[in-house]
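Reader: I'm new to this. Could you show me how to read a structure, one feature at a time?

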Amino acid sequence: MKKRILLAVALTVFCTAALAQNPLLQRRYGTPYEIPPFEKITVDNYREAMLKGMEQEKAEIQAIIDNKETPNFQNVIVALSESGDLLSKAGIWSNLNSASSTPELQALARELSPIRSAHSSWISMNKPLFDKIKYVYDHRDEYNLNKEEKTLLDRTYQSYVKGGVLLSPDKQKELAAINLELSNLQLQFSQNLKHDTNQTYVIANSLKELEGLPQANIELAAKLAEKIGQKGKWAFNMQRASCNPVLQYCKNRELRKKVYLMYNDRCNHNDEYDNKEIARKIIDLRLKKANLMGYKNFAEMQLKDRMAENAKNVYDLLDQIWAPAVAKANEELADIKAMMKKDKVKGQPQPWDYMYYLDKAKKAKFDIDEALVSEYLEINNVQKNGVFYVANKLYGLNFRERTEDYPVYEATAKSWDVIDRDGNVIAIYYSDYFPRDGKNAGAWNTTFRGQRYDGAQRLQPIVLNCCNLAMPSGDRPALQTIDNVTTMFHEFGHALHSFFRNVKYRGTPGVERDFVELPSQVNEHWAFEPEVLRNYAKHYKTGEVIPQELVDKIEASSKYGQGFATVEYLAASLVDMDLHCLEEVPADLDVMKFQAEKLAERGIPKQILPRYSVTNFSHSLGGGYSAGYYSYIWAEVLDCDAFKAYQETGDIFNQEVAERFRKYILSPGGIDKGSVMYHNFRGREPKVDGLLENRGLK
Ligand SMILES: [Zn+2]
């Protein structure tokens, strides 16, 4: 007996010690701005904090349910909105899993997936909790709520209805099982894609095969080959930074073909990383879920709460752009054929020809050399004198680098204070620009901590931009392409949206999915304005400002290739919609065949494949943009129209317009519907003309 007591005491001491060592379980980190001390947090710490966080949230919710007072806005809706603090603190492991994944973090993701899914189901289908929410919702006129509070209440109520709380117990069980299976499948889809993006290679055996490829890319390919045990050769993985230059610059058609097919066919090799059947199951389960909730298909369920409202509105917009885009692509195709003839290449153009010959045609037409332009696009200049400069001119923001002072999760990431006009630090910003193993492909914005209030004090959001841009190579600094510069401005537009968010309650929703890309895409419009270019585009060797002649060429050629680019994008958007509008998913559905058939029906030129094939379409199948990939072009109608508001004043930095954009679009979160916020900003509905002009389709 005594022995057991001793053991219990020892265990308590041990557990307390473990607790003390887990930074996530401390009330405060004690770091500047409470930035997570990344280097001190282990994977076990994350696991422990996630499990404890779920327990804690359960207890918090149980306390709301057990509260004997009459339910009201404060003791139900606000209490619920503020619950789950530890869980959100611990949740940053998932940001790291995207930015700097390790096998341990991936294992943690697999381990937590079913537990989290069960936890969310417990909350979303909690009838006693919902009864209280419903009571408050039914009495909403008695509380004198302001606009934000009304939205918070309304969205809370709706999200529980959407979560299945009104279903019969049998159906709830079924829904929970579907959610669990979906989260596992989506995770598997993403992990397979990460494998095929980072760990499938095309190898070149001789320098001769690389004719046309810029020296910097040759060096990176040699390094990658060495790293994978193929010293003396050249290797390319399926990160765009690695394989795109081959498609754009390599004369060798065979090599381009290999790279193109390898990229396009990621997770379509009938091996253990194949995503065809996983994608089919995901589509099937989403349909089952929608049916269970009373919708005829998944798209209908998803679109109900978006700006677009229904599938018809989405197809209407996509169809409106499809025909002029295909016509433009066919014009470009004629240029490609002419270039191929000149090169004495026989046969029809193939998908792996178009980037290469479009680039050549562009050079011939506009006499522009993108490799030369890149020499003026050194990454630090672009960031400090381009991206930050525009934010300063529009919103008066200043940036103070703090990389040496603040915790870092990755040696190459930089950190900054974001300082408002009045001198206050309003956000902390991390820029993490370079590719590496374990980093997801693409570019994204996320927060380690969203904006929130601690009592009356606004806690600064901690915002992260992750990209996969061109790295330094040899004695050349990191010189970027025009596309990469656009990406930097894009992700920073999302970051601005995070910096300026200023809402009272943590649970106040963000903007609708098809409104999200407005802040990011509008920011792209400044990237190549001559005044901005002259400020950041300086030759990396001589410091010479980009010559006016080159600025003119960039401007003149900027719309070239938009036919192909638009068709490629629209094709992926249409397939995403078509899949999610299905009202029956056959057990033998081959998603790749489905994709090909649907696009052939629409008359897609056969040289163009969708930007993503279903098996590697993580936007659509992995989560975030399911029945939502159209959002980029939906938001583009808004961003082109919004930028016109500046142009119409004759000053792209017009302070009055910028102030309205900050006030009505960037600050209020999702307090209003997107259509209302846009109207507040512009004083009218958006028009589609700006988009067509901007893409040269009109
Ligand atoms: Zn974006």
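**Strands, helices and one exposed residue**

Author: Sure, let's start with one pair in a sheet: threonine 447 stands opposite valine 463 in S9. Keep in mind that this is a predicted model.

Reader: Okay, so which strands does that pair belong to, and which way do they run?

Author: That pair comes from S6 and S9, which run antiparallel and are joined by five bridges. On to the next strand pair: S5 and S9 are also joined by five bridges, but these two run parallel. There, isoleucine 428 has isoleucine 462 in S9 as its bridge partner.

Reader: What is the order of the strands in the sheet?

Author: Read across the open sheet and you get S3-S4-S5-S9-S6, five strands with mixed pairing. S3 and S6 (444–449) are at the edges with a single partner strand each, so one side of each has no neighbour in the sheet. From one strand to the next, the twist averages 30°.

Reader: How many bridges join S3 to S4?

Author: Four, and S3 (residues 398–401) runs antiparallel to S4 (residues 414–419). For a landmark, find phenylalanine 399, which is opposite valine 418 in S4.

Reader: And how do S4 and S5 pair?

Author: In the antiparallel sense, over six bridges, with S5 covering residues 425–432. You can trace two of the partners yourself: serine 415 goes with tyrosine 430 in S5, and tryptophan 416 goes with tyrosine 429 in S5.

Reader: How many residues lie between S4 and S5 in the hairpin?

Author: Five, and in that turn glycine 423 has a positive phi of about 90°.

Reader: Back to S9. Are its residues buried or exposed?

Author: To judge burial, count the C-beta atoms around a residue; 20 or more others within 10 Å makes it buried. In S9, five of the five residues are buried, so the strand is largely enclosed by the rest of the structure. Ile462, Leu464 and Cys466 point one way, while Val463 and Asn465 point the other way.

Reader: Which helix lies across S9?

Author: That's H19 (residues 482–500), which lies across S4, S5, S6 and S9 (462–466) and runs at about 170° to S9.

Reader: Now helices. How do I describe two that pack together?

Author: The general idea is that you give the angle between their axes and the distance between the axes. Here, take H7 (residues 127–138) and H8 (residues 147–163): their angle is about 140° and their axes are 10 Å apart.

Reader: Why are H7 and H8 called oblique to each other?

Author: An angle has to be over 145 degrees to count as roughly antiparallel, and theirs is about 140°, so H7 and H8 are oblique. As for handedness, H7 passes H8 in a left-handed crossing.

Reader: Which residues of H7 and H8 meet?

Author: On the H7 side you have Phe130, Ile133, Lys134, Val136 and Tyr137, and they meet Leu153, Thr156, Tyr157 and Tyr160 in H8. By type, this contact has seven nonpolar residues, one polar and one charged.

Reader: One last thing: why does alanine 334 count as exposed?

Author: Same kind of counting, with a cut-off of 12 or fewer for exposed. Alanine 334 has 10 C-beta neighbours inside 10 Å, so it counts as exposed. You'll find alanine 334 in helix H15 (residues 311–342). Then look for proline 349, 15 residues away along the chain: its C-alpha atom is 9.9 Å from that of alanine 334.

Notes: Residues are numbered from 1 along each chain as its sequence is written. This is a predicted model: local features need pLDDT of at least 70, side-chain atom pairs count only at pLDDT 80 or more; totals for chains, interfaces and linings use all residues. Axes are lines fitted to C-alpha atoms, for helices over the stretch in contact, and angles run from 0 to 180 degrees between N-to-C directions. Angles under 35 degrees count as roughly parallel, over 145 as roughly antiparallel, 65 to 115 as roughly perpendicular and the rest as oblique. A crossing is left-handed if the near helix is turned anticlockwise from the far one by less than a right angle, and right-handed if clockwise. Two residues are in contact if their C-beta atoms, placed from the backbone, lie within 7 Å. Ala, Val, Leu, Ile, Met, Phe, Trp, Tyr, Cys and Pro count as nonpolar, Asp, Glu, Lys and Arg as charged, and the others, Gly among them, as polar. Two strands pair if DSSP finds at least two bridges between them.
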